[in-house]
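Let's take a friendly walk through a protein model, one small corner at a time. Have a look at the picture first, and then we will start with a question.

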Amino acid sequence: MSANKENNLVQAYLELNKFCQSSDYERALKAAGKILQIAPNEQKAFHCKVVCFLQLHNFKEALATLTNAKNSALAADLLFEKAYAQYRLNSPKEALQTVDSAPELTPALKELRAQILYRLEQYQDCYNLYRDLLKNTTDEYEDERKANMAAVVANLAALNPTSELPQFDENTYELAYNSGSTLAMRGKYNEALSVLKRAEQACSESVIDDGGTEEEAKEEAAIIRVQQAYCLQQINREKEAATIYQNILKDKPSDQALVAIASNNIIVINRDTNVFDSRKRMKAATADGLEHKLNSRQRAVITYNQAILSIYSNQPDFCKQCCVKLVRDFGEDRRAAIVEASSLVKEGKASQAVSLLLKHGGTLTLAAVQILLVNGDRKAAIKLLQESEYKHRPGVVGVLCTLLCADNELEKASLMFDELYEHVKNDAERMKLYRGAWRGAARCHGRAGRAGAAARAHEALAAVEPRDARSLARLVKALAAADPPRARSLAEQLPPLDQLETKIDIDALESSKWMMGAKVVKKTVQSKQEQSPGTPGSELGQKKKTKRKRNSKLPPNADLSKPPDPERWLPKYERTAYRKRRGIRRDVIKGSQGMSTTATDQYDMSKQQTTPTPATSAKSPRVEVKQTESAWQRKQQQKKKGKGRKW
């Protein structure tokens, strides 16, 4: 290499070093390119170029540079950079293959492999790898590794809530948040709430201590508050949870996954109300790009809610598409069948819904039975239950008994209990679980007229509850007719009557009205006591109750020597003595404007002298002089006239 070329190379490396130390990666990228122009085989310059692409988030260019056939020799040892570029381009499977192809797993490759396994939802392998890293690595990133491991533990708790998992110290708010999430996944929501509140407080203090603003602290703690709202929602405090979700969404957070989860949970709270708002929220929950930010469990829940929302929105075709997606992408065939059957029932296609559910069998058979019962097909429902694998379950036995008795099939119901008894008679634990079934069996056998079967049911109940005197008494009663000697021997085991019941009201039992209820008896006894005459002389000791006299209120200037004014209750303007206030009367000119006084007198009819006509001048043969009535009298007459009116 010539001296001039070597000097240029040294100068370019000095520039590259300067730009890298100042984190000016754009100029560092140009400096690395200049070095590669001078010496194309410079390994360090090529490495710096790839790192600059990664720092500038230009992962496509970095991967293209590494996979270029011309650079195969230079890129042979840069497996970490290649795998990281693939991981950031949402190709975790290819990234895992690249990491596994490395001759040796360095600590950096192990860390990257753990993140790739987390993205691929292989949580157990990821947990084992992080545990190895924490055991064999000590550096300044130990808290971050613990936080990542705590996140893995939270997901493991979601998959298996009863598994034994480690606990972490809440040194940082990330660790506290993941610890609270683990408790929430285990169903301990109240404990999780207290831990998450501490995490939120620690998060706000940490951001402000680092020089951040309150708005930045609020945005950083948004994910913690969403988890708090989820815990509140799970313990049926939905109003508080909805308020938190809405306040977070009002702030328009930049985290797309956070917006999707909050929107989905609001949809769940809305249910079949406010469908328009739910559809708007569903658009945010199903935006593009979320498939790489949410795990499969979260995406399956959102798709499931989307299918249910389409039923509320009367979109059966779209509901079917969502069900197909549930089966194809997430393997949720049973949940998809339930949703699709619900959509078919709403369309009035109950028979198709039943056929769809019966194809999957299992517990979906019970859903098919429910559809048949809603549609009134009781016989088909009974047949399905009798043929199902759950016919010996206590709940199913109770339903069958109710349905058969409703159809007056008492003999079939009695035989069903016989079959149940033969099925579980050799299992003592199951016999205890069926104590309620034996009570129902005894009643059913009694109604069917099978005294022996009823006695056997009572005997089974007394065997599983030996200390229950009531069960033993029922057994004695059942055996009294069929096997009197045994009934007597069992009756001797019953406790005395005074130990069973000490407060027996003989008079109430002998009363003829005891069947009418306690309230009627009490009223009858009380009325009899009031009607019965007392003993002679008992009235002497009793004092008569005297009514307290109240003084009438009079006005301070009242004159009791004069009668009261009859108009005292009338309004002032209706009284006889009331006079209107008279003002100064001005001359009123009647007529049109501009008319003279002479013309006014001419056309003023009140001043004209008219000649009386024969009709008006005829005198009345009798003239009655009316006395002036007072206003109070007029008021009384109006009241009398208006009495019969109905308004």
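Leaving aside its neighbours within four places in sequence, which residues is serine 163 in contact with? They are Leu156 and Arg186. Keep in mind that this is a predicted model.

**Serine 163 and its loop**

Serine 163 is found in the loop that runs between α9 (142–159) and α10 (173–185). Is serine 163 buried or exposed? Its relative accessible area is 18%, and buried means under 20%, so serine 163 is buried. The side chain of serine 163 also reaches the backbone oxygen of asparagine 160, at 2.8 Å.

**The whole protein**

Now step back for a moment. The secondary structure comes to 35 helices and 0 strands. Of the 647 residues of the protein, 34% count as buried. Among contacts with a separation of 6 or more, 46% are between residues 24 or more positions apart.

**A closer look at α15**

Next, find helix α15, residues 256–270. At 1.5 Å a residue, its 15 residues should span 21 Å, and the end C-alpha atoms are indeed 21 Å apart. Because 12 of those 15 residues are buried, α15 is largely enclosed by the rest of the structure. Among the buried ones are Ala257, Leu258, Ile266 and Asn270. What covers the buried residues of α15 includes the helices in this table.

| Helix covering α15 | Residues |
|---|---|
| α13 | 222–234 |
| α16 | 275–285 |
| α17 | 296–312 |

Helix α14 is also part of that cover.

Both ends of α15 have something to show. At the N-terminal end, aspartate 255 acts as a cap: one of its side-chain oxygens lies 3.2 Å from the backbone nitrogen of alanine 257. Just after α15, arginine 271 takes a positive phi of about 55°.

**How α14 meets α15**

Two packed helices are described by the angle between their axes and the distance between the axes. The axes of α14 (residues 238–250) and α15 come within 10 Å and cross at roughly 145°. The crossing in which α14 passes α15 is left-handed.

Which residues meet there? From α14 they include Ala241, Ala242, Tyr245 and Leu249, while α15 offers residues including Leu258, Val259, Ala262 and Ile266. The residues of this contact divide into 10 nonpolar, 3 polar and 1 charged. In a helix of this kind there are 3.6 residues a turn, so residues three or four places apart point the same way.

Key:
Residues are numbered from 1 along each chain as its sequence is written. This is a predicted model: local features need pLDDT of at least 70, side-chain atom pairs count only at pLDDT 80 or more; totals for chains, interfaces and linings use all residues. Side-chain values use heavy atoms; hydrogens and water are left out. Axes are lines fitted to C-alpha atoms, for helices over the stretch in contact, and angles run from 0 to 180 degrees between N-to-C directions. Helices (H or I, at least four residues) and strands (E, at least two) are DSSP runs, numbered from the N terminus. A crossing is left-handed if the near helix is turned anticlockwise from the far one by less than a right angle, and right-handed if clockwise. Contact means heavy atoms within 4.5 Å. Ala, Val, Leu, Ile, Met, Phe, Trp, Tyr, Cys and Pro count as nonpolar, Asp, Glu, Lys and Arg as charged, and the others, Gly among them, as polar. The expected span of a helix is 1.5 Å times one less than its number of residues. Buried means under 20% relative accessible area, exposed over 50%, partly exposed in between (1.4 Å probe, protein chains only). A polar contact is a pair of N or O atoms within 3.5 Å; within protein, one must be able to donate a hydrogen and the other to accept it, and residues adjacent in sequence count only if both atoms are side-chain atoms.
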